[in-house]
Amino acid sequence: MRATFANIYMGNLRNNIEQVRNQLNPGVKLCIPVKADAYGHGAVPVAHMAVECGADYLAVAAVSEGVELRKAGITIPILVLSLPQPSEFIEIIENHLAPSLCDSELIRMLNVTATAMGRKIPVHLKVDTGMGRIGCSPDEAADLAQLIANSQGVSLDGVFTHFAVSDSLLPADVAYTKKQIETFTQVVDTIRQLGIEPGLCHAANSSAVFEYPESHFDMVRPGLVIYGYYPGDITESYLNGGSSKVKAPVHLKPLMDVRSSIVAIKQVKKGESISYGRQWVAQEDCQVGVIPAGYGDGLLRRYGENLEVTINGKPYPVCGRICMDQCMIYLGVDSKVSRWDEVIIFGPAEHGALQSAQDIASKAGTISYEITCGIAQRVPRVYKDE
Ligand SMILES: *Cc1c(COP(=O)(O)O)cnc(C)c1O
């Protein structure tokens, strides 16, 4: 196997799903987003474990992602969160996927295709209560629900919305989220008043699962927390600090670590430079290690020296620019590091990493989602039961 690989700790996935379940009232369903290859962790193995842990639904972004899960033998309902293309309708129907729809044009088109195939397709009506992405306006929702209810080839399986700032504790953002919840509640009430059964009503992403229990409705859709990271202001210390609304203490465990190996150690003389652009110059005679991992593996160039890897329990920074397939590690002047020593690029502390994906994200001005989604396909994933 390649020197650079990722461990995926499935025991941590079980832990995180349980931590989420502890927050839900009995009967509330759990939909686990496995889009973007399960945020980089591998959609098929994560989906199988999610099913084993009692997930009621899975969510994907693209129809092709849903098809991959069906081919792998997943039989529970799969919601497609992004809008489908009309050219994907047949695949949706044949693979029993539940698309999100939010306009009369797509509803009518899908109805025509499904009716011609003698099928009735479950759909979820997406309402935009303030995210500003896809979704009908709250005023149109009841008419669209009616259109779905009156169409022979589609049935209303759910109504849902998505929050824009539920991970922020700023008072204005809290007020905004509360307003989204209120708008969504009104939409659902209006649909019911028309005598239409809305199906599963759902809204909560990761942060809302913990911070807005009133947004759980019939089902929740937490992604990030399932993979072991805390969303925005909803940190571990906040959740367990008494000021939040959690029912039980929360301890999430990241699923992924990325490891590599020192494949060469160079003696570098004072004044010599390392890597493209010659931006790093040795201030004294020292040692530099090479690891076969670079931005082609998902270690973004802009992480630069913010990336501190762990070798034998000690932190060492990247030196010089990260290349496509390799990067260099400053080992200091009197290094105890040996060739072939294992390097942990990031991962959970429990497995020896001094830096987490969240730490790298904070230093690089991004979010942990981007770090794990960015780990490339060519990095083999090794699934562990721990
Ligand atoms: C990605 C996504 C989620 C999950 O969001 P997290 O922040 O990862 O919990 C839920 N709903 C929709 C519509 C999404 O696109």
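**View 1. Asp385 and Arg14 join in a salt bridge.** Welcome to this predicted model; our tour begins with a pair of charged side chains. The closest N and O atoms of Asp385 and Arg14 are 3.4 Å apart. This pair links distant parts of the chain, with the two positions 371 residues apart. Arg14 belongs to helix H1 (residues 10-21), while Asp385 sits in the segment after strand S19 (381-384). Asp385 is exposed, at a relative accessible area of 58%, and Arg14 is partly exposed, at 28%.

**View 2. Glu211 meets Lys245 in another salt bridge.** Here the N to O distance is 3.0 Å. Look for Glu211 in helix H9 (residues 206-211) and for Lys245 in the loop between helix H10 (236-239) and strand S10 (256-261). The two residues are 34 residues apart, and their pairing links distant parts of the chain. Glu211 is buried, with 4% relative accessibility, whereas Lys245 is partly exposed, with a relative accessible area of 43%.

**View 3. Arg259 and Asp257 form a buried pair.** The closest N and O atoms of this salt bridge are 2.8 Å apart. Arg259 has a relative accessible area of 9%, and Asp257 has a relative accessibility of 0%. Because buried means under 20% relative accessible area, Arg259 at 9% counts as buried, and so does Asp257 at 0%.

**View 4. Four charged residues are linked in a network.** The members to find are Arg2, Asp297, Asp325 and Arg378, which salt bridges link together. Across the model, the count of salt bridges comes to eleven.

**View 5. Arg70 is buried and has no salt bridge.** You can find Arg70 in helix H4 (residues 63-71). The nearest side chain of opposite charge is that of Asp157, 9.7 Å away. A salt bridge needs the nitrogen and the carboxyl oxygen within 4 Å, so Asp157, at 9.7 Å, does not provide one. What does the side chain of Arg70 reach at 2.7 Å? The partner is the backbone oxygen of Ile74. Another backbone oxygen, that of His96, lies 3.0 Å from a polar atom of the Arg70 side chain. Leaving aside neighbours within four places in sequence, the contacts of Arg70 include Thr75, Ile76, Pro77 and Ile78, along with Asn95, His96 and Leu97.

**View 6. The ligand sits among 13 residues.** Which of these residues come nearest to the ligand? They are Lys35, Tyr39, Ser206, Leu224 and Tyr369. The side chain of Lys35 has an N or O atom 2.6 Å from an oxygen atom of the ligand. Tyr39 also places a polar side-chain atom 2.6 Å from a ligand oxygen, and for the side chain of Ser206 the distance from an N or O atom to a ligand oxygen is 2.6 Å. Taken alone, the ligand exposes 390 Å², and the protein buries 92% of that area.

**View 7. Phe217 lies in a loop.** This loop runs between H9 and strand S9 (219-220). Is Phe217 buried or partly exposed? With a relative accessibility of 25%, Phe217 counts as partly exposed. Leaving aside neighbours within four places in sequence, Phe217 is in contact with Val28, Ile181, Phe184, Thr185, Cys201 and Ala203. For a sense of scale, the C-alpha atoms of Phe217 and Lys363 are separated by 36 Å, and these residues are 146 residues apart along the chain.

Conventions: Residues numbered from 1 in each chain as written. Predicted model: local features only at pLDDT ≥ 70, side-chain atom pairs only at ≥ 80, totals over all residues. Heavy atoms only, no water. Helix = DSSP H or I, 4+ residues; strand = E, 2+ residues; numbered from the N terminus. Buried < 20%, exposed > 50% of the residue type's maximum accessible area, 1.4 Å probe, protein only. Lys, Arg positive; Asp, Glu negative; His and termini not counted. Polar contact = N/O pair within 3.5 Å; in protein donor to acceptor, adjacent residues only side chain to side chain. Contact = heavy atoms within 4.5 Å. Near = heavy atom within 4 Å. Areas by Shrake-Rupley, 256 points an atom, 1.4 Å probe, with all protein chains shown as cover.
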